[in-house]
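This report describes one protein chain, going from its overall build to a few selected residues. Please look at the sequence and the structure before reading on.

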Amino acid sequence: MDVVATLASQRAVVIFSKSTCCMSHAIKRLFYEQGVSPAIVEIDQDMYGKDIEWALARLGCSPPVPAVFVGGKFVGTANTVMTLHLNGSLKRLLKEAGALWL
């Protein structure tokens with residue numbers, strides 16, 4: 001879990017993803033369209049990917065990707081992020097974390 005916490009705290013927005021996951025692609029695109037430049041950790045291409053996937057599962061990520069962290073805090077997986085986006089809460093979180101200026 002330490003590797004996940006370390007990576008998640010390095011940028012305002014961190015997305016743990018798999019390069020072949022369509023939901024990961026959709027969530028990354030959502031953030032790019034919001035004007036956010038998240039750090040992306042492709043766990044299927046990372047040498048510690050299996051450890052990261054295990055740590056994400058222990059955090060309650062099911063499926064383990066995409067897993068989104070904002071301001072170093074776990075926000076959720078695709079369903080939670082989309083809900084926050086649709087109800088307008090995502091922008092507020094992004095502004096508070098310094099990921100958005102507007």
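## Overall build

In this predicted model, 42% of the 102 residues in the chain are buried. The chain contains five helices and four strands. Starting at the N terminus, these elements follow the order α-β-α-β-α-β-β-α-α.

The C-alpha trace spans about 35 × 25 × 20 Å along its principal axes. The radius of gyration is 12 Å, which agrees with the value near 13 Å for a compact globule of 102 residues. Of the contacts in the chain with a separation of 6 or more, 61% are accounted for by residues 24 or more positions apart.

The accessible surface of the chain is about 5900 Å², and carbon and sulfur atoms hold 54% of it. The chain has 10 positive and 8 negative charges, and the mean positions of these two sets are 8 Å apart.

## Nonpolar cores

Which residues of the largest nonpolar core touch the most other members? They are Val13, Phe31, Val81 and Leu94, in a core of 16 residues. The elements in the table each supply at least two residues of this core.

| Element | Residue range |
|---|---|
| Strand S1 | residues 13–17 |
| Helix H2 | residues 22–33 |
| Strand S3 | residues 67–70 |
| Helix H4 | residues 78–86 |
| Helix H5 | residues 89–96 |

Another core, of 14 residues, lies apart from the largest one; among its members are Val4, Ala8, Val14 and Val41.

Leaving out residues up to four places away in sequence, Val81 touches Ile27, Leu30, Phe31, Val68, Val75, Gly76 and Leu90.

## Two single residues

Is Glu42 buried or exposed? Its relative accessible area is 17%, and the cut-off for buried is under 20%, so Glu42 counts as buried. Glu42 belongs to strand S2, which covers residues 39–42. When residues up to four places away in sequence are not counted, Glu42 touches Ser17, Lys18, Ser19 and Lys28.

Gly98 is found in the segment after H5. Gly98 has a relative accessibility of 42% and therefore counts as partly exposed, since that class lies between the limits of 20% and 50%. How far is the C-alpha atom of Gly98 from that of Ala12, and what separates the two residues along the chain? The two C-alpha atoms are 6.4 Å from each other, while the residues are 86 residues apart along the chain.

Note on methods: Residues numbered from 1 in each chain as written. Predicted model: local features only at pLDDT ≥ 70, side-chain atom pairs only at ≥ 80, totals over all residues. Heavy atoms only, no water. Rg over C-alpha atoms; globule rule 2.2 N^0.38 Å. Buried < 20%, exposed > 50% of the residue type's maximum accessible area, 1.4 Å probe, protein only. Contact = heavy atoms within 4.5 Å. Areas by Shrake-Rupley, 256 points an atom, 1.4 Å probe, with all protein chains shown as cover. Lys, Arg positive; Asp, Glu negative; His and termini not counted. Charge placed at Lys NZ, Arg CZ, Asp CG, Glu CD. Core = buried A, V, L, I, M, F, W, Y, C linked by side-chain atoms within 4.5 Å.
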